[in-house]
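Open your viewer and get ready to click along. This short tour suggests what to select, stop by stop, and says what is there.

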Amino acid sequence: MAKNPFMSAWLSWANRATGMWTTAAMSAAKRNQSAALKSMMTPPKSAKPKRKAKPAR
């Protein structure tokens with residue numbers, strides 16, 4: 001079977017698109033994971049609200 005240039009181009013495009021999609025999904029998962037870890041590590045905020053600073057006049 002002869003090599004079809006159109007099929008070759010389409011496959012390379014499809015592989016590139018799949019790679020980009022996979023990379024985007026992986027980075028999103030990594031971001032979510034680091035955000036979840038950060039929220040678990042930070043101590044809960046104190047119940048007492050902080051006083052607001054008076055605006056300078």
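The stops below go from the whole chain to single side chains.

**Whole chain.** Keep in mind that this is a predicted model. Show everything as a cartoon: the chain has 1 helix and 0 strands. Now switch on the surface. Its accessible area comes to about 6300 Å², and carbon and sulfur atoms account for 66% of that. Of the 57 residues in the chain, buried ones make up 2%.

**Helix α1.** Select residues 5–41, the 37 residues of α1. How far apart are the end C-alpha atoms of this helix? They are 54 Å apart, which agrees with the 54 Å that 37 residues should span at 1.5 Å a residue.

**The start of α1.** Next, show N4 and F6 as sticks. A side-chain oxygen of N4 comes to within 3.0 Å of the backbone nitrogen of F6 here, at the start of the helix.

**A nonpolar patch.** Select M7, W10, L11 and W13 and colour their surface; together they make a nonpolar patch of about 480 Å². Pause on M7, which belongs to helix α1. M7 has 48% relative accessibility, so it counts as partly exposed, the range being 20% to 50%.

**S27 and A24.** Finally, move along to S27, also placed in α1. Is S27 buried or partly exposed? Its relative accessibility is 32%, so S27 counts as partly exposed. Add A24 to the selection: its backbone oxygen lies 3.0 Å from a polar atom of the S27 side chain.

Definitions and conventions. Residues numbered from 1 in each chain as written. Predicted model: local features only at pLDDT ≥ 70, side-chain atom pairs only at ≥ 80, totals over all residues. Heavy atoms only, no water. Helix = DSSP H or I, 4+ residues; strand = E, 2+ residues; numbered from the N terminus. Buried < 20%, exposed > 50% of the residue type's maximum accessible area, 1.4 Å probe, protein only. Areas by Shrake-Rupley, 256 points an atom, 1.4 Å probe, with all protein chains shown as cover. Expected span 1.5 Å × (residues − 1). Polar contact = N/O pair within 3.5 Å; in protein donor to acceptor, adjacent residues only side chain to side chain. Patch = residues over 30% accessible without salt bridge, like charges linked within 9 Å, V, L, I, M, F, W, Y side chains within 5 Å. Salt bridge = Lys/Arg side-chain N within 4 Å of Asp/Glu carboxyl O.
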